[in-house]
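Q: I'm new to this one and would like a close look at a single residue. Please start there, then take me around the rest.

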Amino acid sequence: MKNITYILALLVLLVVVSPTHAELYTDGYLQGLFGGQLESDNPTKSDQSVSETRLQLRMESIGDNGEFFSRVDFLYDGLADEDNQYDWEIREAYLKFKLGSKLDFKVGRQILTWGTGDLIFINDVFAKDYRSFFLGRDDQYLKAPQTALRMEYYNSIGAFSFVFAPSFESNRLPTGERLSYYNPFIGSIVGTAMDENFYFNPDEPAKTFGNSEFAARFQKQVGMYSVALYFYKGFYKNPLGLDANTMMPVYPRMELHGASIRGAKFGGIVWLEGGYYNSKDDPDGDNPFMPNSSVSGMVGFERQIATGLTANLQWQADKMMEYDSFVAQQTPGLHYREEVKHLITSRVTKMMVDETVMVSGFVFYSPDEEDLYFRFSTTYNYSDEIRLTVGANVFDGNYANTEFGQFSLNDNIYTKMTYNF
Amino acid sequence: MKQTMKTVLALLLILGISSGYASAQDANELMKKSHLAYFYAGDDGVSDVTMTIVSKKGKERVREFIMIRLDNEEGGDQKYYTYFKKPSDVSRVTFMVHKTSVGNDQRWIYVPSIDLIKPISADDKNSSFVGSDFSYEDVSGRHWTEDNHTLKGEETLDGKTVYVIESIPKEKYKGFSRKVSYIDKESMLPLKEEYYNKKDKLVKEFVAVKIEVVDGITTITTRRMNNIKKGGHTIVDFNKISYNVGVKDEIFTERYLKNPPRKYIKK
């Protein structure tokens with residue numbers, strides 16, 4: 001995969017840089033991130049949650065007919081085995097160009113985002129990196145890159161976006177190495193310190209044309225509101241299914257239809273989003289190895305409550321279809337979800353000292369799953385170049401098999417130093 | 001003689017009253033002219049901006065951005081597009097404001113590293129613009145109809161004749177309780193503004209440091225805001241200004257927020 005993107009990046013670079021007056025701009029940062037585990041019984045190999053030094057190089061070339069942008073990370077991982085300590089990743093390498101006055105193209109390795117939620121994603125099923133998210137890497141790492149073609153068509157009706165990703169890109173989930181997780185076969189939280197076999201790395205769908213991903217959005221500004229319709233055809237981004245033969249986790253096929261509206265109201269911003277997850281491998285909900293279809297909706301509100309102080313609140317409800325057959329498939333004695341699962345989140349951000357200090361807290365809480373995840377960070381911009389961050393990730397849950405409860409041994413604190421150039 | 005005195009007194013009285021009335025009306029008219037000269041120069045404008053924020057202790061932070069402005073209506077709705085160049089951690093971030101003379105403005109930010117467009121709740125126009133001593137309203141202008149203005153007289157400032165106008169917000173406002181503007185009679189640009197708080201203490205002071213004629217329009221090319229309350233100041237330099245370049249309305253949409261209009265936005 002890396003080779004493909006590398007070749008693509010080079011090709012793209014050649015195409016754009018060849019015009020005579022395209023100029024090349026570079027910048028980036030050097031960053032050290034160090035974190036420690038707070039729970040001594042976490043079954044991961046190290047007491048450290050993360051220890052890495054990262055160099056990000058960004059390159060941009062703007063030509064007359066198009067633009068090229070790349071963002072490449074070089075990483076030294078202090079917790080990896082000696083042979084794997086140096087790594088690199090093309091986060092982005094894309095070409096942007098227009099055809100006529102109404103068509104915009106973005107081709108290559110890229111980060112894709114849409115939808116209205118704040119860290120709640122209903123219609124945005126582009127790949128996420130929850131490992132980075134839980135370990136304290138910068139916000140940009142929550143989004144995992146995808147190799148895709150994005151085409152956007154604008155006319156008087158609205159904006160039409162089409163995304164085609166030739167090969168499926170899954171979410172990056174805890175593997176048991178740095179972050180432990182719940183294993184339903186063992187019935188408890190596991191990590192690689194217990195057994196190397198607990199390294200969680202499920203097989204992805206074969207890279208065939210039939211397994212490519214397709215996403216579309218129609219968006220329109222209606223008065224003060226931005227209204228959007230969404231469609232996605234591909235797979236669940238988490239391996240929610242089981243292969244009945246091998247009993248290994250698999251990514252079931254899924255189709256998504258959704259809508260959202262967002263705009264200024266009540267002195268702040270209000271958003272509403274919903275989607276129907278159609279589980280194509282289990283349309284009737286009777287297959288115990290595949291997830292049932294579901295309907296998910298959320299409402300959110302954000303406003304500035306004082307100078308430099310912003311707060312928001314979101315409520316999400318997720319209803320499982322064919323719930324009765326789901327219940328019938330459950331193991332007695334084990335916790336399982338309610339038909340309607342609720343999630344409440346809140347973010348509070350305070351900017352201080354001429355916006356050089358930012359204190360931020362984000363909490364996810366589910367009253368019926370009885371679990372929570374709390375993120376906290378304080379960032380100090382010592383200068384335009386130097387930024388210092390301390391933060392914490394805290395998980396809790398009454399059951400080991402809930403979304404956040406399964407990570408309850410992964411509580412960690414971290415510190416991060418960034419030099420921007 | 002007595003009769004004459006009475007007539008003179010009466011005349012003086014009438015003149016006094018009417019001049020008082022005239023001063024409020026004149027002051028309003030003058031503030032409108034000044035506002036249009038300062039915030040609505042030309043029909044549109046593009047410029048490179050360097051903002052140097054100097055703390056009380058003398059530490060400097062520098063923001064560089066390109067700003068595109070379009071006036072939809074002289075003295076009314078405006079649109080702003082900002083492309084950040086520096087510091088490097090916000091480079092390529094874009095920011096857009098749809099400013100309305102009535103009601104709240106709409107603001108959006110685009111963060112390219114996560115491909116995220118986010119509307120920003122714009123309730124507080126008095127909050128700091130990118131951590132500087134300028135508020136959002138200092139950058140895009142507080143509409144003259146929001147304050148009551150009184151012409152206090154004329155003075156000489158830096159060799160120029162200026163109108164001295166006092167402005168008091170009609171509704172309670174966090175930005176100031178009283179503002180005194182010194183407006184150049186010739187260009188109608190504010191050469192100095194003093195912002196006073198509730199206790200009538202000087203908290204902020206605006207100074208037009210450098211004035212140049214660009215494309216035939218007299219423009220403040222270097223502005224300075226002294227933060228007297230907190231200490232420190234911000235200097236804003238406008239470079240490469242161009243007016244009436246035919247900026248199109250479609251630039252101020254999500255499409256261009258994601259894809260900076262390269263016609264105006266170069267490195």
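A: Let's begin with a bit of vocabulary: a residue is buried if 20 or more other C-beta atoms lie within 10 Å of its own, exposed if 12 or fewer, and partly exposed in between, with the C-beta atoms placed from the backbone. Residues are numbered from 1 along each chain as its sequence is written, while chains are lettered from A and ligands numbered from 1 in the order in which they are written. Bear in mind that this is a predicted model, where local features need pLDDT of at least 70, side-chain atom pairs count only at pLDDT 80 or more, and totals for chains, interfaces and linings use all residues.

Our residue is Tyr196(B). Tyr196(B) counts as partly exposed because 17 C-beta neighbours fall inside 10 Å. You'll find Tyr196(B) in strand S10 of chain B, residues 190–196. Strands here are DSSP runs of E with at least two residues, helices are runs of H or I with at least four, and both are numbered from the N terminus.

Who does it meet? Skipping neighbours within four places in sequence, Tyr196(B) is in contact with Phe176(B), Ser177(B), Arg178(B), Lys201(B), Leu202(B) and Val203(B). A contact means that two C-beta atoms, placed from the backbone, lie within 7 Å. Lys32(B) is another matter: 164 residues from Tyr196(B) in sequence, and 21 Å away in space, C-alpha to C-alpha.

Compare Ser101(B), which sits in the loop between strand S4 (94–99) and strand S5 (106–111) of chain B. Ser101(B) is partly exposed too, because it has 15 C-beta neighbours inside 10 Å. Beyond residues up to four places away in sequence, Ser101(B) touches Gly76(B), Asp77(B) and His143(B). From Ser101(B) to Arg142(B) is 41 residues in sequence, but 8.8 Å in space, C-alpha to C-alpha.

Now zoom out to the whole of chain B. This chain has three helices and 13 strands, and 34% of its 267 residues are buried. Of the contacts in chain B between residues at least 6 apart in sequence, 45% join residues at least 24 apart. Its pLDDT, the predictor's confidence in each residue on a scale from 0 to 100, averages 89, and 90% of the residues score at least 70.

Chain B has company. Where the chains touch, 33 residues come from chain A and 25 residues from chain B. On chain A's side, strands S1 (23–37), S14 (253–265), S15 (268–279) and S16 (294–306) each supply at least two residues. For the complex, the predictor gives an ipTM of 0.91 and a pTM of 0.90.

Over in chain A, strand S19 (residues 357–366) runs antiparallel to strand S20 (residues 371–381), joined by ten bridges; strands pair if DSSP finds at least two bridges between them. Tyr365(A) has Leu372(A) in S20(A) as its bridge partner. The two strands make a hairpin with four residues between them, and Glu370(A) in the turn has a positive phi of about 55°. S20(A) is also antiparallel to strand S21 (residues 386–397) of chain A, with eleven bridges, and Phe374(A) stands opposite Val394(A) in S21(A).
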